[in-house]
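User: I would like a close look at a single part of this model, the sheet. Please keep it brisk and plain.
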Amino acid sequence: MPQYWLYRTSGEYRHSINNLNGRIQATYYLKNFFLMGSYSLKREFPATQAEYIEEFHEQYQVRFGWGNGNLNLSVTAYNFFRNSWVDSVQKLQSEYYDFSRIRYSTASHMRISFAAPYTFGYGKKVDRYDEVKKGEAVGSAILK
């Protein structure tokens with residue numbers, strides 16, 4: 001999903017930003033196993049209804065898992081080469097005023113997660129892969 005963002009603002013806090021960004025994701029399935037990877041490029045853009053520029057770092061992850069319908073196991077490694085906790089940087093520079101703010105987040109630092117969800121049925125019996133069923137066929141055009 002490649003994108004090219006072109007920003008031009010005018011006034012005291014004018015900006016000119018040409019930003020190539022996007023996201024790529026691929027998933028491979030082999031019987032009950034899967035491998036998924038994704039990568040999002042760094043983004044830079046003027047904040048909505050504000051004069052500062054916000055920069056976000058790239059994000060990436062790799063997920064490996066197995067499932068049998070009821071039980072699904074997966075392990076995901078996020079941002080495995082990043083030691084920084086910085087999520088985004090907001091900056092404003094002008095002739096009379098400078099502003100800078102750094103936002104920190106656990107989502108930007110390297111981390112690993114394990115998941116083991118189990119699905120069990122209860123109540124009315126439904127087909128787990130196709131819960132929406134068509135209604136019964138009507139025997140005549142006159143409905144009672």
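How many bridges join S2 to S3?

Analyst: Eight bridges join S2 to S3, and the two strands run antiparallel. Before going on, note that this is a predicted model: local features need pLDDT of at least 70, side-chain atom pairs count only at pLDDT 80 or more, and totals for chains, interfaces and linings use all residues. Residues are numbered from 1 along each chain as its sequence is written, and side-chain values use heavy atoms, leaving out hydrogens and water.

Some terms come next. Strands here are DSSP runs (E, at least two residues), numbered from the N terminus. Two strands pair if DSSP finds at least two bridges between them. Strands of a sheet pair through backbone hydrogen bonds, either parallel or antiparallel.

Now the whole sheet. Six strands form an open sheet in the order S1-S2-S3-S6-S7-S10, with antiparallel pairing. Strand S1 (2-8) and strand S10 (111-115) stand at the edges. Each has a single partner strand, so one side of each is left without a neighbour in the sheet. From one strand to the next, the twist averages 10°; axes are lines fitted to C-alpha atoms, and angles run from 0 to 180 degrees between N-to-C directions.

Back to S2 and S3. Arg 23 has Ser 40 in S3 as its bridge partner. The two strands form a hairpin with two residues between them, and Lys 31 there takes a positive phi near 55°.

S3 also has a partner in S6. Eight bridges join S3 to S6, again antiparallel. Phe 33 has Trp 66 in S6 as its bridge partner. Tyr 39 stands opposite Tyr 60 in S6.

S6 then pairs with strand S7 (residues 72-78) in the antiparallel sense, over seven bridges. Gly 67 is matched with its bridge partner Asn 72 in S7. S6 and S7 form a hairpin with four residues between them, and Gly 69 in that turn has a positive phi of about 105°.

What sits on the surface? Tyr 28, Leu 30, Phe 33, Leu 35, Val 62, Phe 64, Phe 80 and Phe 81 make a nonpolar surface patch of about 840 Å². Patches are made of residues with over 30% relative accessible area and no salt bridge (a side-chain nitrogen of Lys or Arg within 4 Å of a carboxyl oxygen of Asp or Glu). Like charges are joined within 9 Å, and nonpolar side chains (Val, Leu, Ile, Met, Phe, Trp, Tyr) within 5 Å. Accessible areas come from the Shrake-Rupley method with a 1.4 Å probe; for residues, only the protein chains shown count as cover.

Strand S2 (16-30), strand S3 (33-40) and strand S6 (59-67) each supply at least two residues of this patch. Take Phe 33 as one member. Phe 33 is found in strand S3. Phe 33 is partly exposed, because its relative accessible area is 41%, and the partly exposed class lies between buried (under 20%) and exposed (over 50%), using a 1.4 Å probe and protein chains only. So Phe 33 brings two topics together: it belongs to the patch and has a bridge partner, Trp 66, in S6.
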